[in-house]
Amino acid sequence: KQFSMCVEEVNKCLNELNRKSVVLFGIEAHVCVQQTCLDLLEEGKEVHLILDGVSSQQSYDREIALQRMSQAGAFLTTAQSA
């Protein structure tokens, strides 16, 4: 889980704020965003992935990562509808 943002400090903050839902966006959808999303889902969080705020160098990598995150339970949305 080397590329996840679910590090101790972030998890502590989310727990202290009692957050059940997380809005997620970032670069390298197939690495950092995907691992963070999967970790959050594993922790029981509801993940809303902002598609127009997620990218990868290769469009194919992005599409496969979005499919995987959606199949794992993430909600796919846009910045305007979040």
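**First stop: helix α1**

Select Lys12 and Glu16 in this predicted model; because they stand four residues apart in helix α1, about one helical turn separates them. The two residues form a salt bridge, and their closest N and O atoms are 3.9 Å apart. Both Lys12 and Glu16 are exposed. Side chains of opposite charge can pair when their charged atoms come close.

**Second stop: the other salt bridge**

How many salt bridges does the structure hold? There are two. For the other one, select Arg62 and Glu63, whose closest N and O atoms are 3.1 Å apart. Is Arg62 buried or exposed? Its relative accessible area is 19%, and residues under 20% count as buried, so Arg62 is buried. Glu63, by contrast, is partly exposed, with a relative accessible area of 39%.

**Third stop: two loops**

Return to the end of helix α1 and continue into the loop between α1 (8-16) and β1, where Asn18 is placed. Display the backbone here: Asn18 has a positive phi of about 55°, although it is not a glycine. Most residues other than glycine have a negative phi. Asn18 counts as exposed, at 54% relative accessibility. Now show the side chain of Lys20 as well; a polar contact of 3.4 Å joins it to the side chain of Asn18.

Next, select Glu28, in the loop between β1 and α2. Glu28 is likewise a residue other than glycine with a positive phi, in this case near 60°. With a relative accessible area of 21%, Glu28 is partly exposed.

**Fourth stop: the paired strands**

Colour β1 and β2 and look at them side by side. How many bridges join β1 to β2? Six bridges join these strands, which run parallel. To find one pairing, select Val23 and then its bridge partner in β2, His48. Follow the chain from β1 through α2 to β2: this β-α-β crossover is right-handed.

Keep His48 selected and add Phe75, its bridge partner in β3. Strand β3 comprises residues 75-77, and three bridges join it to β2, again in a parallel arrangement. The chain passes from β2 through α3 to β3, and this β-α-β crossover is also right-handed. His48 can therefore serve as a landmark, since its bridge partners include Val23 in β1 and Phe75 in β3.

**Fifth stop: the nonpolar core**

Finally, select Cys37, Val47, Leu49 and Met69. Within the largest nonpolar core, which has 16 residues, these have the most contacts. Two or more residues of this core come from each of β1 (21-27), α2 (29-42), β2 (46-55) and α3 (59-72). Which element gives the largest share? Helix α2 does, with five residues. In soluble globular proteins, nonpolar side chains tend to be buried together.

Centre the view on Met69 and display its surroundings. Leaving aside neighbours within four places in sequence, Met69 is in contact with Ala29, Val33, Gln34, Cys37, Leu41, Leu49 and Ala74. Among these contacts are Cys37 and Leu49, which, like Met69, belong to the residues with the most contacts inside the core.

Conventions:
Residues are numbered from 1 along each chain as its sequence is written. This is a predicted model: local features need pLDDT of at least 70, side-chain atom pairs count only at pLDDT 80 or more; totals for chains, interfaces and linings use all residues. Side-chain values use heavy atoms; hydrogens and water are left out. A nonpolar core is a set of buried Ala, Val, Leu, Ile, Met, Phe, Trp, Tyr and Cys residues joined through side-chain atoms within 4.5 Å. Buried means under 20% relative accessible area, exposed over 50%, partly exposed in between (1.4 Å probe, protein chains only). Contact means heavy atoms within 4.5 Å. Two strands pair if DSSP finds at least two bridges between them. A crossover is right-handed if, with the strands pointing away from the viewer, the path from the first strand over the helix to the second runs clockwise. A polar contact is a pair of N or O atoms within 3.5 Å; within protein, one must be able to donate a hydrogen and the other to accept it, and residues adjacent in sequence count only if both atoms are side-chain atoms. A salt bridge is a side-chain nitrogen of Lys or Arg within 4 Å of a carboxyl oxygen of Asp or Glu.
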